[in-house]
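Reader: Could you take me through one helix packing in this model, up close? After that, I'd like to hear how the rest of the fold fits around that picture.

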Amino acid sequence: MRRYGKHTDEDDIRSRPNRRGNRPRTHIRPKHEDAAEGMVLTVDRGRLTCLVEDRVVTAMKARELGRKAAVVGDRVALVGDLSGKKDTLARIVRIAERSSVLRRTADDDDPYERVVVANADQLAVVTALADPEPRPRLIDRCLVAAYDGGLEPLLVLTKSDLAPPDKLLELYGDLDIPYVVTSRAELESGEAVERVREQLDGRITAFVGHSGVGKTTLVNALVPEERRRTTGHVNAVTGRGRHTTTSALALPLAGAGGWVIDTPGVRSFGLAHVDPSRVIHAFPDLEPGTEGCPRACSHDEPDCALDDWVAAGHADPARLYSLRRLLASRERTDGD
C-alpha cells in the first residue's frame, strides 16, 4: 500500500472522479427564505400533519434538523408540495422558538424528557370526582409541569353528579387556580360546555388527564365536528379506563378563536426534568422571600428563608404549604 509523507506532491494523490457529473456535497445548507409558516396539528410515525394557511398538509422532518423533533403546537417552516393534495409530502426545515413547553418523563428515574405539547397558553387538568376516584398526587404533578413549562393551569372537574367537588377544591383553594365543575347532565345539555369554552376563548389549551375521566368526551363536545373515539370502559378493579386517544391532536375551537389539544390519557407523570427553582416563579408572593435562601435551596429544608418571610407576615402560610406540597410531589408516586 502506498503511503504519503507529510510533504506530498498533489499530482501524486489519486482523486476519485465524480461519475454523476453533479456538484460535490457541501455543508452549507439552504436558508429556505421562501418557506411557508405552519402549525403542527398531530404527529404519527414520522409524518406530521400541519396547518398551512387554510390547508392541511402532510410533511416530514428535513434531514438537516438532525434529532430536533417537532411536536404538536410547534410553529414550523415548510417547503415542497404545500397543496395539501392526497399523496403529497412537504418538508419541515425550521422549528420556531417555543413560548412554552409541556414536558414529562416516563417516571422519576427516567432521565429522558418527552415534549408533549409546545406553545400552549393553558393546561386544563381534567379529573373526575368519582368513577374513577380523584388522584390528587397526579393533579399536583400536572400543576408542577404547567408551572415549570410556562402554562397557566385550569382545573376541570367532571361527574359532579356522582360526588361533590368541595373537598377537592379546598385542597387547591390557596393556589388561586381557575376551575370549572361539570356534570353528565350539563354536558348533554351543553351548559357545561359553554362554561368551559369561556375559559378557552382565544387561547391554546392542552387537555391532560388519566383515562376514564371524560377528557375526550369533553373535547368532542367542544369540537363536535372533530369527534374522537372515547373511553367506553372503566376497569372496576383499577378504576382506570382504556387509552383511546393515542396521539396528541390540535383542534380549532369554532367561534372562539382558540385551539384545543387533546393528549393521550396518562397513568403517570414523571417530573425528573423539573428544576424546583423554576416552580417558585408560579408563587410571586413567595418569590421575593427566596433571596435569603442558601444556594440550591429546595425550599423545604431547615435553612429555607421562606419560613421567616411568611412568619413576618409577607405571605399567607397556606401558600407556602401549597408550594411545598407541589415540590414534594416530585418525590412521591402518582397514586394516592
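Author: Let's start with helix 4 (residues 191–200) and helix 5 (residues 215–222): in this predicted model, they pack at an angle of about 85 degrees, with axes 10 Å apart. Anything from 65 to 115 degrees counts as roughly perpendicular, so that is the label for helix 4 against helix 5.

Who does the touching? On the helix 4 side you have Val193, Val196, Arg197 and Leu200, and across from them in helix 5 sit Leu218, Ala221 and Leu222. Sort the residues of that contact by type and you get six nonpolar, one charged and no polar.

Now for the cores. In soluble globular proteins, nonpolar side chains tend to be buried together. Here the largest nonpolar core has 54 residues, and Leu123, Leu143, Phe269 and Leu323 have the most contacts inside it. Helix 1 (residues 136–149) gives this core its largest share, eight residues. Take leucine 323 as a sample: beyond its neighbours within four places in sequence, it is in contact with Val279, Ile280, Phe283, Leu286 and Leu306. There's also a second, separate core of 19 residues, and Leu218 and Leu222 are in it, along with Val219 and Val223 among others. Leu218 and Leu222 are names you've already met, on the helix 5 side of the helix contact.

On to the cysteines. If you go looking for disulfides, the whole structure has zero. Cysteine 304 is in none, and the nearest cysteine sulfur, from cysteine 293, is 3.9 Å away. The cut-off for a disulfide is 2.5 Å between sulfurs. Cysteine 304 also counts as buried, at 3% relative accessibility, and cysteine 50 is buried too, with a relative accessible area of 0%.

Last, some backbone geometry you may want to check. The peptide bond from aspartate 131 to proline 132 is cis, with omega near 5 degrees. Proline 132 belongs to the loop between strand 8 (122–128) and helix 1, and helix 1 is the one that supplies eight residues to the largest core.

Then look at two residues with positive phi that aren't glycine. Arginine 45 has a phi of about 50 degrees and lies in the loop between strand 1 (36–44) and strand 2 (47–52). With 78% relative accessibility, arginine 45 counts as exposed. Aspartate 87 has phi near 65 degrees, and you'll find it in the loop between strand 4 (75–80) and strand 5 (90–95). Aspartate 87 is exposed as well, with a relative accessible area of 76%.

Technical notes. Residues are numbered from 1 along each chain as its sequence is written. This is a predicted model: local features need pLDDT of at least 70, side-chain atom pairs count only at pLDDT 80 or more; totals for chains, interfaces and linings use all residues. Side-chain values use heavy atoms; hydrogens and water are left out. Axes are lines fitted to C-alpha atoms, for helices over the stretch in contact, and angles run from 0 to 180 degrees between N-to-C directions. Helices (H or I, at least four residues) and strands (E, at least two) are DSSP runs, numbered from the N terminus. Angles under 35 degrees count as roughly parallel, over 145 as roughly antiparallel, 65 to 115 as roughly perpendicular and the rest as oblique. Contact means heavy atoms within 4.5 Å. Ala, Val, Leu, Ile, Met, Phe, Trp, Tyr, Cys and Pro count as nonpolar, Asp, Glu, Lys and Arg as charged, and the others, Gly among them, as polar. A nonpolar core is a set of buried Ala, Val, Leu, Ile, Met, Phe, Trp, Tyr and Cys residues joined through side-chain atoms within 4.5 Å. Buried means under 20% relative accessible area, exposed over 50%, partly exposed in between (1.4 Å probe, protein chains only).
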